[in-house]
Amino acid sequence: MGDPVASKLRLPNGSFKIATDFDEVFTPSYAQEGSGDEKDMKTDGVFQGSDRDAFVCAFGESAEECVARMRKKSVFGKHPNWSVVSVVVKAKDDLRQEELALQLIDIFNKIWEEGGITCSVRPHRALSVSPDSGIMEYLDGACSIDGIKKFCQVSSLAQFFNEAFGPVGSERHSKAEMNFVETMAGYSIVSYMLQVKDRHNGNLMISSEGHLVHIDFGFMFATSPGGINFESAPFKLSQELMEVMGGVGSAAFNYFKLLLYQGMVAVRERADDILGLVSLMTPYNTMSCFGSDPASTVQQLRSRFRFDLETETDFALHVKELILGSVDNWRTRRYDQFQTLQNGIL
């Protein structure tokens, strides 16, 4: 949109017509008298008074509150088409692999939605605009586990859930726990099938509704930090994450195991959708995640669907083995400890 002051649609009172053939007008905030914006600028903020509890400390104001505040202060806030999108601009960073990962994650989510399965992920968007730059969607209302521990001064994720969502057994806590379990199952499947690595607590986020969200897919398929594949567990299922679900033997953990099996079965039935997209990206081998032998990487992905297991019982036992191999895996613990010592990630 051009400079509205120079527009022929500008009316004498400072308002603007939306179009020459449209009678509706909008009035910029600077044209309103006594708008009180100057006062709002001094008092608006994330933390005010007693609102600084664990929830607000981690997530701040909601996305809706932020948009309303920005619209109120925008000179074009009265325009019916006014909108705002939060993005992260990345420079000197190849987002093509990130974009591929997020497209695959979206396919996983659609498979579960169409199958009526409640395990889920929270897809977001990335756009690579050049080999070394791009734009990523900002995750409103979410904070990394590392950030939660530092900002809210809690020692564990379970403690944060109790302080932010209420005591165990309360309606709000139960809803947050269910959201956590369902997304925990979804991202566990994604992490295993795509072999996503570098799963420290800086790359795991919690939403304001309790969902688990994975970010940063710079290492997957054939690549891993340092090239040593230290994170050999099928997926991250640390003691801290299990505590949020009530530990082994809890109803929530049993729900997680059921969702993991159902989600794996659904993905297996739609394997061609996933293999097709990955295969399309391999001929020119422009992404490091495929390694030196893209055909082998695709074959390894195919093998993780375990088409050799013909009965439901055999496949269920396979899923059980994946869970047992992930529960409080010592390599997962050591990797988290390394990230704490090396990078200060809690």
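Buried means under 20% relative accessible area, exposed means over 50%, and partly exposed lies in between. Keep that handy for the exercises below, which all use a predicted model.

**Exercise 1. Is each of C66 and C152 buried or partly exposed?**

Step 1. Start with C66, whose relative accessible area is 23%. This value falls between the two cut-offs of 20% and 50%, so C66 is partly exposed.

Step 2. Now take C152, with a relative accessible area of 12%. The cut-off for buried is under 20%, so C152 is buried.

**Exercise 2. Find out how many disulfides the model has, and why C152 is not bonded to C57.**

Step 1. Recall the idea: a disulfide is a covalent bond between the sulfur atoms of two cysteines.

Step 2. Recall the cut-off: the two sulfur atoms must lie within 2.5 Å.

Step 3. Look at C152. The closest cysteine sulfur belongs to C57 and is 3.7 Å away, which is too far for a bond.

Step 4. Give the total: the count is zero disulfides.

**Exercise 3. Describe how β4 and β5 are paired.**

Step 1. A reminder helps here: strands of a sheet pair through backbone hydrogen bonds, either parallel or antiparallel.

Step 2. Strand β4 covers residues 126–130, and its pairing with β5 is antiparallel, with four bridges.

Step 3. Check one position: A126 faces M136 of β5.

Step 4. Follow the chain from one strand to the other: the link is a hairpin of two residues.

**Exercise 4. Work out the order of the strands in the open sheet that contains β7, and which strands stand at the edges.**

Step 1. Three strands make up this open sheet, in the order β6-β7-β8, with antiparallel pairing.

Step 2. The edges are β6 (142–144) and β8 (212–214); each has a single partner strand, so one side of each has no neighbour in the sheet.

Step 3. Add the twist: on average, neighbouring strands are turned by 35 degrees against each other, direction ignored.

Step 4. Zoom in on β6 and β7 (residues 204–207), which share three bridges. Here C143 has I206 in β7 as its bridge partner.

**Exercise 5. Describe the largest pocket: what is its volume, and what lines it?**

Step 1. The largest pocket holds about 490 Å³ of space.

Step 2. Its lining has 22 residues, and those closest to the centre are K90, L95, E98, M136 and D216.

Step 3. Two or more lining residues come from each of β3 (87–91), α4 (96–115) and β5 (133–137). The largest share, three residues, is from α4.

Step 4. Sort the lining by class: ten residues are nonpolar, five polar and seven charged.

**Exercise 6. How many cavities of 30 Å³ or more does the whole structure have, and what lines them?**

Step 1. The search gives two cavities of that size.

Step 2. The largest cavity has a volume of about 120 Å³. Among its 13 lining residues, R199, E231, A233, F235 and K236 are closest to the centre. Helix α13 (residues 330–343) contributes the most, with three residues. The classes are five nonpolar, three polar and five charged.

Step 3. The second largest cavity has a volume of about 50 Å³. Its lining includes M184, Y187, H214, F235 and L241. Here α7 contributes the most, with four residues, and both α7 (171–194) and β8 supply at least two. By class, this lining has six nonpolar, three polar and one charged residues.

Terms used. Residues numbered from 1 in each chain as written. Predicted model: local features only at pLDDT ≥ 70, side-chain atom pairs only at ≥ 80, totals over all residues. Heavy atoms only, no water. Buried < 20%, exposed > 50% of the residue type's maximum accessible area, 1.4 Å probe, protein only. 1 Å grid on protein atoms, 1.4 Å probe; cavity = no way out; pocket = protein on both sides within 12 Å on 5 of 7 lines; lining within 4 Å. Points joined across faces, edges and corners; volume = space filled by probe spheres on them. Nonpolar A, V, L, I, M, F, W, Y, C, P; charged D, E, K, R; others polar. Pairing = 2+ DSSP bridges. Axes fitted to C-alpha atoms, helices over the stretch in contact; angles between N-to-C directions.
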